[in-house]
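Biologist: I'm new to reading protein models and would love some friendly help. Could you take me through a close look at one spot, and then show me how the rest fits around it?

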Amino acid sequence: MTAQRKLRFAAFVLCFTGLFVGGLSFAHTVFIASWNDKQLRQLTSDTLARTELAIDSAVMKMSDVIVNRGTTCASVDRMAMTKAFYGSSIMKNMRLETKGGACWSYEEKNRALEQSIATARHNRTKSPGYSLLAIGFPGWKGLGVRWQYGPDENILEVLATSGLLFAVLPVDLRASALMDLTLSDGTSFASYSPVRKWYTDDIKFTTFEEKSVHYPIGISLKVDSATLAQWNQSLSPQTIAIAVALGLGFGVLAARGMFRRTSILDELDVALTNGEIKPYFQPIFDLESRKLLGFEMLARWIKPDGAVIPPLAFIPLAESNGRIDRLTTELLRHAGAQLGELLQTQSHLKLSFNVTPDQYLTEGFVSNLAAQAARFRLPLRSLVVEVTERQVISDKGRAAMVTGKLIAAGMRVAIDDAGTGHNGLSAIHALGANYLKIDKFFIDGIALDRKSSELVEMLAAIAEKFGMTVVAEGVETEEQIAALLQLGIREGQGYVYSKPVPATTILAMAAKEAGAREQADGRRSLLASA
């Protein structure tokens, strides 16, 4: 290296070092503040989600106790009430009120609680007959979940909500923060404040708030702004090293990410035009007989050089950039060309495919889908539209109307990724779907973990009550199949049967099963003639 090149190299090093040292303090402050904000927003969201799950559980327990509209204190199953009470750490009591009087799951002579229930304001939920009310007395707060199951009959579950906020906050913030869970009318049913009253009127708070999309509840977290500004800001040599690496890595990755985003979006348009994105199909099978019942259509981007782009690299891109409708149309076109004849001749087979909630709620979705099915020679009776649970359904009333139109047209609807998303039991209640697909997350532990098994059993029981067929996703072992059959689940898909495969493999599977059926029919005919 010449002296001139060495000098230029040194100049670049000095310039870069100056920029880095000048930006290090600012980058560290911004990064930590952003990270703290993210942590507290996630904490707020998780606490609200736990509260929603507690209400969901209360609704389920009440439906277990009230088996018919005529249930009274005289006819109620006391064992069911006791079981509901002892099966929950948050449930305090259950109160049944009819024309003939009121009774509790266990005899509790608490006049303060009775008075609180009598004077509480009811906050209606989206589900008819259900309401929430803040109840309590000096030294105790709780939430009442009330179901009016008849003109003069109702059941109320009393939840001790203090545990929802217990030890939620990071230790460093517990002395400088306030938390409150409230109903839509502003009444509080759970709160947290430090034992020592440190705050005064001149304290400035940073507030984090979130409202539930399922129930008339919200959460508020207030943190002393001065304390928050210092939280996690102390520096150690290790922290400085991490901050430096993250700061540099973020800059490089952000620049590459912006360039790659533009590049891959252009490539996606070309791929859609050239037919590089093709459908693969994962079989759905009968868990007991192992017969083929249908298949789910999945997208695979296969480049001309044979390289495969994983779905997670382009499906979210298509969704966020207005390409998802075109992508869905292309997949259906390929599916019709490859498997349309099979679906027309073997009416018991079903073809399921995913759409986003936004697609589902689009004006003209049903008529456009029906027109595409006719154009691509896909029989409507074979189509199952899957709506994912991982994204919020913004308008459940409209979604229910879309479901009705799809079913009226001869198609069917499935709730995909059940139990993992944002919509909860209200979506199952409102959507009116034909299938409930339980996510692989729960199936993985069904043969090993009692909690997973109980969650799957609960989802299956809900589906049965709503007249839905359950499909288990991600089934990988015979032990899982045995556990699912014990729970009464009969349909599944997963690697234990087949990974996603091209249409030619599906055709071979279907032909093999058709041949086996013909042989069985022939044997039965011979036996009958003999």
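Over which ring does the charged end of Lys303 sit, and how many Å from its centre?

Modeller: The charged end of Lys303 sits over the ring of Trp301, 5.8 Å from the ring centre. A charge sits over a ring if NZ of Lys or CZ of Arg is within 6 Å of the ring centre and within 35 degrees of the ring normal. Bear in mind that this is a predicted model, where local features need pLDDT of at least 70 and side-chain atom pairs count only at pLDDT 80 or more, while totals for chains, interfaces and linings use all residues. Residues are numbered from 1 along each chain as its sequence is written, and side-chain values use heavy atoms, with hydrogens and water left out.

Now step back to the whole protein. There are 15 helices and 19 strands; helices (H or I, at least four residues) and strands (E, at least two) are DSSP runs numbered from the N terminus. The protein has 530 residues, and 44% of them count as buried. Buried means under 20% relative accessible area, exposed means over 50%, and partly exposed is in between (1.4 Å probe, protein chains only). The accessible surface adds up to about 28,000 Å², with 58% belonging to carbon and sulfur atoms; these areas come from the Shrake-Rupley method with a 1.4 Å probe, and for residues only the protein chains shown count as cover. Take the contacts (heavy atoms within 4.5 Å) between residues at least 6 apart in sequence: 65% of them join residues at least 24 apart.

Next, the aromatic rings. Rings of Phe, Tyr and Trp (its six-membered ring) pair if their centres lie within 6.5 Å; planes under 30 degrees apart count as stacked, over 60 as edge-to-face and the rest as tilted. By this rule there are eight aromatic pairs. One of them joins Tyr130 and Trp147, which are stacked at 5.6 Å centre to centre with 10° between the planes. This pair links distant parts of the chain, with Tyr130 in strand S4 (residues 130-137) and Trp147 in strand S5 (residues 140-150), 17 residues apart. Both Tyr130 and Trp147 are buried. Phe137 and Trp140 also form a stacked pair, because their ring centres are 5.3 Å apart and their planes meet at 20°. Phe137 is partly exposed because its relative accessible area is 23%, whereas Trp140, at 16%, is buried. Here you meet a second charge over a ring: Lys92 lies over the face of Trp140, 5.3 Å from the ring centre. Tyr149 joins Tyr130 and Trp147 in one aromatic cluster.

Another kind of link comes from cysteines. A disulfide is a covalent bond between the sulfur atoms of two cysteines, and here a pair of cysteine sulfur atoms within 2.5 Å is counted as one. The count comes to one disulfide, formed by Cys73 and Cys103 with sulfur atoms 2.2 Å apart. The torsion about their S-S bond is about -95°, so the disulfide is left-handed. Cys73 lies in the loop between helix H1 (3-65) and helix H2 (78-86), and Cys103 in strand S2 (residues 101-104), so the bond ties together parts that are 30 residues apart in sequence. Cys103 counts as buried because its relative accessibility is 5%.

Helix H1 also holds Thr47, which is buried at 1% relative accessibility. Not counting residues up to four places away in sequence, Thr47 touches Leu164, Leu165, Val168, Met179 and Ile219.

Further along the chain, strand S16 (residues 412-418) is mostly covered, with six of its seven residues buried. Strand S15 (residues 383-388) pairs with S16 in the parallel sense over five bridges; two strands pair if DSSP finds at least two bridges between them. Within this pairing, Glu386 stands opposite Ala414 in S16.

Leu351 belongs to strand S14 (residues 350-355) and counts as buried at 1% relative accessibility. Its C-alpha is 6.0 Å from that of Val384, although the two are 33 residues apart in sequence. Beyond its neighbours within four places in sequence, the contacts of Leu351 include Phe281, Phe295, Met297 and Val384.
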